[in-house]
Every structure is written in structure tokens, then in C-alpha cells.
Amino acid sequence: MAGCVRCGYRGSLAEFRYLGPAEGIGAVSLRRCPVCREINYFNEVEEERELREPARPWGLSPVFGKKFIREDTEDAR
Ligand SMILES: [Zn+2]
């Protein structure tokens, strides 16, 4: 979900009209709010990721925090 910083409207990223990249390089873009026309900054990668799976801090993989045990040790038998 994407949210407007001005009016607080929340909707899918597609509802916010794409205006262009906010920076020369990177995933941050400018999009216009469909309700109040405010221009918002969105990180396209993070917004898309939110739709697919629960938000997770950058750099953490699904195996983060899991305990790994060597299969050839006594514990694993
Ligand atoms: Zn708005």
C-alpha cells in the first residue's frame, strides 16, 4: 500500500500517477496523489515488496535468525 503524506489517502501504488524518477538512479520515484494531487516520493521496490510479502528490513533474508545445525553432529541425529 502507498500513502499520501498530505491527505493520508492510502491505495495501491498504481493509483498514484507516475511522474518520473526522483533521482537519476535508484528506485525512488515521484507519484501524484489521486485525491489531493500532492506529489509524493515512493520507493518502488519497497512498495511492491509490501504487496507480495510482509515488510522486512533491508538485507534480511527469510533464513535470518534461524539456527543451523550441522547434520553430522550428534544433535541432528
Ligand atoms: Zn493526497
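Is Arg37 buried or exposed? Arg37 is exposed, because just 11 other C-beta atoms sit within 10 Å and a residue with 12 or fewer counts as exposed. Keep in mind that this is a predicted model. The close-ups below take you around the sheet, its two hairpins and one more loop.

**View 1. Here is an open sheet of three strands, in the order β3-β4-β5.** The pairing in this sheet is antiparallel. On the edges you'll find β3 (17–21) and β5 (39–43), and each of them pairs on one side only. Going from one strand to the next, the twist averages 35°. A bit of background helps here: strands of a sheet pair through backbone hydrogen bonds, and they can do that in a parallel or an antiparallel way.

**View 2. Zoom in on β3 and β4, which run antiparallel and are joined over four bridges.** Look for Arg17, which stands opposite Arg32 in β4. How many of the five residues of β3 are buried? The count is zero, and β3 is hardly covered. Between the two strands, the hairpin has six residues. In this hairpin, Gly26 takes a positive phi near 120°.

**View 3. Now move over to β4 and β5, an antiparallel pair with five bridges.** Strand β4 covers residues 28–32. Pick out Arg31 and look across to β5: its bridge partner there is Asn40. As you follow a strand, remember that in a regular one the side chains alternate between the two faces of the sheet.

**View 4. This one is all about Arg37, in the loop between β4 and β5.** The hairpin made by β4 and β5 has six residues between its strands. What is the phi of Arg37 like? Arg37 has a positive phi of about 70°, even though it is not a glycine. To put that in context, most residues other than glycine have a negative phi.

**View 5. Last stop: Ser12, in the loop between β2 (10–11) and β3.** Ser12 counts as exposed because it has 10 C-beta neighbours inside 10 Å. Which residues does Ser12 touch, leaving out those up to four places away in sequence? Ser12 touches Met1 and Ala2. Also find Glu47, which is 35 residues from Ser12 along the chain. The C-alpha atoms of Ser12 and Glu47 are separated by 8.7 Å.

Technical notes:
Residues are numbered from 1 along each chain as its sequence is written. This is a predicted model: local features need pLDDT of at least 70, side-chain atom pairs count only at pLDDT 80 or more; totals for chains, interfaces and linings use all residues. Two strands pair if DSSP finds at least two bridges between them. Axes are lines fitted to C-alpha atoms, for helices over the stretch in contact, and angles run from 0 to 180 degrees between N-to-C directions. A residue is buried if 20 or more other C-beta atoms lie within 10 Å of its own, exposed if 12 or fewer, and partly exposed in between; C-beta atoms are placed from the backbone. Two residues are in contact if their C-beta atoms, placed from the backbone, lie within 7 Å.
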